Amino acid sequence: MHTLLKTAFLLIASSFVATAQNIQNNPKSNHGNKFEQLGTILPDANTYRSASGAPGFQYWQQKADYKINAFLDEKDLRLHGDEEITYYNNSPDELNYLWLQLDENQHNPNNEANNFDGSQKTLPITTNQLDALDYKKQLQGYGVNILSVTDKNGKALKYVINNTMMRIDLESPLATKQNIVFKIKWNYKIPERLKIGGRGGYELFSEDGNCVFTITQWYPRMCVYNDYQGWNNKQFTGRGEFALVFGDFEVNMKVPADHIIASTGTCSNINELLSPEQLSRWNKSQGSTTPIEIVTLEEVKNKEKNPDKINFKTWKYKAENVRDFAWGSSRKFVWDAMAQKIENKNIMCMSYYPKEAYALYNKYSTKTIAQTLRTYSKFTIPYPYPVAISVEAANGMEYPMISFNFGRTDTDGTYSARTKYGMIGVIIHEVGHNFFPMIINSDERQWAWMDEGLNTFVQFLTEQEFDNNYPSSRGPAHKIVDYMRMPKNQLEPIMTNTENIAQYGNNAYGKPATALNILRETVMGRELFDYAFKEYCKRWAFKHPSPADFFRTMEDASGVDLDWFWRGWFYDIEPVDISLDSVLTFTLDNPKKVPVKNDTIKNKKIQAEEFNHISKIRNKNSGLKFLVDTDTTLRDYYYYNPKEPAPKEEQTIKNRNENLLTLEKDEFKKYENNFYYELHLSNKGGLVMPIIIQWNYIDGSSETEYISAYIWRKNEQKVVKTFVKEKEVKSILIDPMKETADINENNNSWPRMGSTSKFDLYKAKTQGRGESNEDNPMKKSKSKKK
């Protein structure tokens with residue numbers, strides 16, 4: 001039982017003492033604590049990028065327009081191309097040279113990145129593993145062949161190739177606000193994608209002898225030149241994806257006459273390419289809200305049996321304000337399409353897939369595209385492009401308006417739930433990449449999380465709107481716990497360069513998606529988060545944001561200080577482990593008499609000692625007169641003069657009691673039925689987070705209380721907080737809905753509850769079905785006894 005006294009001074013004094021104690025006990029209180037602003041960690045704001053996180057008033061970015069002619073040689077498995085690039089220098093700088101990306105040189109046998117990673121044999125050993133060890137032999141003949149680089153008049157330009165990068169040296173500097181036109185001719189051997197690896201290539205279907213071609217990262221592309229790092233010419237090693245320049249494309253693709261092309265942009269000569277029946281279906285699909293097959297399964301089967309390997313057709317495509325261009329080509333493609341209205345504009349949602357994926361893709365793919373556009377447009381910006389495409393290609397990769405995904409059925413047309421949901425998830429994810437980074441154009445080669453993490457977060461929101469029971473693999477906080485409880489020498493911050501991440505899936509996808517989900521659901525709330533997140537997307541659509549732009553915009557648009565959150569989740573590796581160490585429970589009693597401590601007498605003794613010490617100093621000037629002696633009205637019971645007798649104890653008690661009064665009976669009724677719980681919590685993981693408390697009462701009811709993470713600001717290791725409840729509490733649970741990614745649930749409850757372990761239960765084989773005593777130690781021991 002605790003005695004209740006009505007006092008203001010006492011509470012204030014106690015609070016001050018507790019604060020001082022916390023600061024004294026906290027080793028980080030005076031330097032570098034978790035609640036310090038990011039300060040110099042973030043780059044300084046400037047006229048290009050403002051402190052609010054928005055583009056500055058002098059923000060600029062480059063532009064590159066492409067005119068490309070491509071020829072797909074199916075017989076020799078080679079792609080030939082020539083292109084004309086118009087590059088606009090919108091920067092304030094003169095440029096003496098230009099940098100371009102040659103991603104297909106990833107497969108060049110002399111590319112040094114092929115030897116960046118170690119290799120260790122694993123059992124069982126496969127032929128693919130052995131072939132990979134002899135990669136130079138395996139890659140013989142691959143890589144880009146640059147045939148010529150000239151100016152617009154055909155004059156040769158000097159160039160240097162450095163692995164996956166090419167520098168073109170200009171005869172005279174490219175001045176600010178000027179542009180240059182130059183031309184490149186090239187070709188390369190198309191890799192067998194599932195064997196050689198890479199994002200693009202061909203896949204041979206041995207059953208019918210036909211191929212699906214995925215033509216990606218296929219033409220020399222301009223590198224980004226921007227305000228905060230100059231040329232982004234970091235080598236392509238196969239993991240870190242792309243930083244690219246927006247521009248307009250005109251692309252002509254010459255392919256076998258019976259091929260169907262899926263591509264970035266819109267086809268300008270579709271009337272010349274489709275049969276009358278197919279063209280009629282195409283026109284009908286543009287007003288249909290359910291998928292219509294433009295190229296049917298039966299038509300595909302007929303082409304597979306009778307391929308046209310003599311004649312060719314040229315598909316002409318245009319795309320505006322895109323950062324890249326990709327396409328797929330095959331006679332195996334079934335093609336279906338439907339229209340999805342986004343802000344009064346019909347977007348063509350289309351799927352292309354071989355018969356091997358028909359049962360899944362025909363049922364789900366195009367409708368999944370439409371759902372993705374609806375959901376992403378709600379949480380980011382309205383989808384701005386005219387088409388969105390999913391191509392089944394046994395992998396997952398994204399480009400503007402087009403993505404390549406997986407999802408094939410078994411030979412009998414059936415599929416598992418895992419395959420179904422895996423396919424839907426990858427379609428959502430890759431189509432969602434149209435927003436991150438195809439439109440909100442972050443630098444994937446530097447910061448994978450800015451596109452993969454943000455995209456995985458909105459993918460999770462889309463999956464939850466697709467199916468209430470959708471088995472999302474990333475997004476919910478508890479899904480990242482196993483990763484966050486790993487040894488610290490196996491972890492790295494989210495703010496790790498893309499090429500250096502060891503746990504890529506967890507660090508680039510899972511942890512940032514989880515962090516954003518926690519931010520939305522637990523820290524900020526949906527209304528504040530959604531507005532700020534959408535503001536970031538609007539500010540940086542068709543621009544080049546950096547991490548600081550995202551961090552600053554989220555705070556600027558929400559009014560929530562999140563530096564502690566960015567510091568803990570993005571710059572550090574500490575996990576969440578909030579422990580409920582103990583709970584003190586008490587009720588109140590109304591005293592008949594106010595208890596008096598000897599504090600006043602003790603204080604008088606201390607004052608006397610201090611007076612004697614001061615007197616020794618002041619005796620040097622015996623003529624000194626004190627104001628409290630000349631004006632005695634300034635004296636109170638704290639005044640002490642050794643020349644005068646000390647106040648009587650009764651008077652001291654009376655003066656002390658002026659701040660403590662007993663309660664009248666009616667006043668005490670307000671408090672007498674309350675229950676008080678003093679919770680002692682510790683931050684064992686290190687990552688500060690809100691404290692979520694579920695109170696379970698003896699009457700069977702419960703309530704959940706959210707305490708801001710700022711409760712840790714004065715002591716990052718321990719928190720003591722007292723709560724008043726009108727009902728008696730039976731039990732307490734911290735983070736009941738697993739919202740914070742707490743790695744240890746065993747210390748989250750009061751009274752303490754142990755975790756339940758699981759073990760595998762098997763039915764033993766009978767001796768007659770092949771079990772030996774060697775397999776069963778119990779039987780083995782019994783036989784010994786015999």
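This report describes the overall make-up of a predicted model and then examines selected helices, strands and residues.

## Overall composition

The chain has 786 residues, of which 50% count as buried. Its secondary structure comprises 19 helices and 32 strands. The accessible surface comes to about 39,000 Å², and carbon and sulfur atoms contribute 49% of that area.

Contacts across long stretches of sequence are well represented. Among contacts in the chain with a separation of 6 or more, 75% are between residues 24 or more positions apart.

## Helices H8 and H9

Helix H8 covers residues 417-432. At 1.5 Å a residue, its 16 residues should span 22 Å, and the end C-alpha atoms are 22 Å apart, so the expected and modelled spans agree. H8 is mostly covered, with twelve of its 16 residues buried. The buried set consists of Lys420, Tyr421, Met423, Ile424, Gly425, Val426, Ile427, Ile428, His429, Glu430, Val431 and Gly432. These buried residues pack against three helices and three strands: helix H7 (358-379), H9 and helix H11 (504-524), together with strand E22 (387-392), strand E23 (397-399) and strand E24 (402-405).

Helix H9, one of the packing partners of H8, runs through residues 449-466. Its 18 residues should span 26 Å at 1.5 Å a residue; the C-alpha atoms at its ends are 24 Å apart, which agrees with that expectation. H9 is likewise mostly covered, as 15 of its 18 residues are buried.

## Two buried serines

Serine 365 belongs to helix H7, an element against which the buried residues of H8 pack. Its relative accessibility is 0%, so serine 365 counts as buried, the cut-off for this class being under 20%. Leaving aside neighbours within four places in sequence, serine 365 is in contact with Ser351, Leu360, Ser390 and Ile427. Of these contacts, Ile427 is listed among the buried residues of H8, and Ser390 falls within the range of strand E22 (387-392).

Serine 329 is located in strand E19, which comprises residues 327-330. With a relative accessible area of 0%, serine 329 is buried. Its side chain forms a polar contact of 2.7 Å with the side chain of histidine 259. When neighbours within four places in sequence are set aside, the residues in contact with serine 329 are Leu72, Cys211, Val212, Phe213, Val255, His259, Ile260 and Ile261.

## Accessible leucines

Leucine 130 lies in helix H2, which spans residues 127-133. Its relative accessible area is 49%, and leucine 130 is therefore partly exposed, because the exposed class begins over 50%. Leucine 130 contributes to a nonpolar surface patch of about 450 Å², made together with Leu123, Ile125 and Leu133.

Leucine 147 is placed in strand E5, residues 144-151. Its relative accessibility is 55%, so leucine 147 counts as exposed. Not counting residues up to four places away in sequence, leucine 147 touches Lys185, Trp186 and Asn187. Leucine 147 is also separated from glycine 81 by 66 residues in sequence, with a C-alpha to C-alpha distance of 9.9 Å in space.

Notes:
Residues numbered from 1 in each chain as written. Predicted model: local features only at pLDDT ≥ 70, side-chain atom pairs only at ≥ 80, totals over all residues. Heavy atoms only, no water. Patch = residues over 30% accessible without salt bridge, like charges linked within 9 Å, V, L, I, M, F, W, Y side chains within 5 Å. Areas by Shrake-Rupley, 256 points an atom, 1.4 Å probe, with all protein chains shown as cover. Salt bridge = Lys/Arg side-chain N within 4 Å of Asp/Glu carboxyl O. Helix = DSSP H or I, 4+ residues; strand = E, 2+ residues; numbered from the N terminus. Buried < 20%, exposed > 50% of the residue type's maximum accessible area, 1.4 Å probe, protein only. Expected span 1.5 Å × (residues − 1). Polar contact = N/O pair within 3.5 Å; in protein donor to acceptor, adjacent residues only side chain to side chain. Contact = heavy atoms within 4.5 Å.
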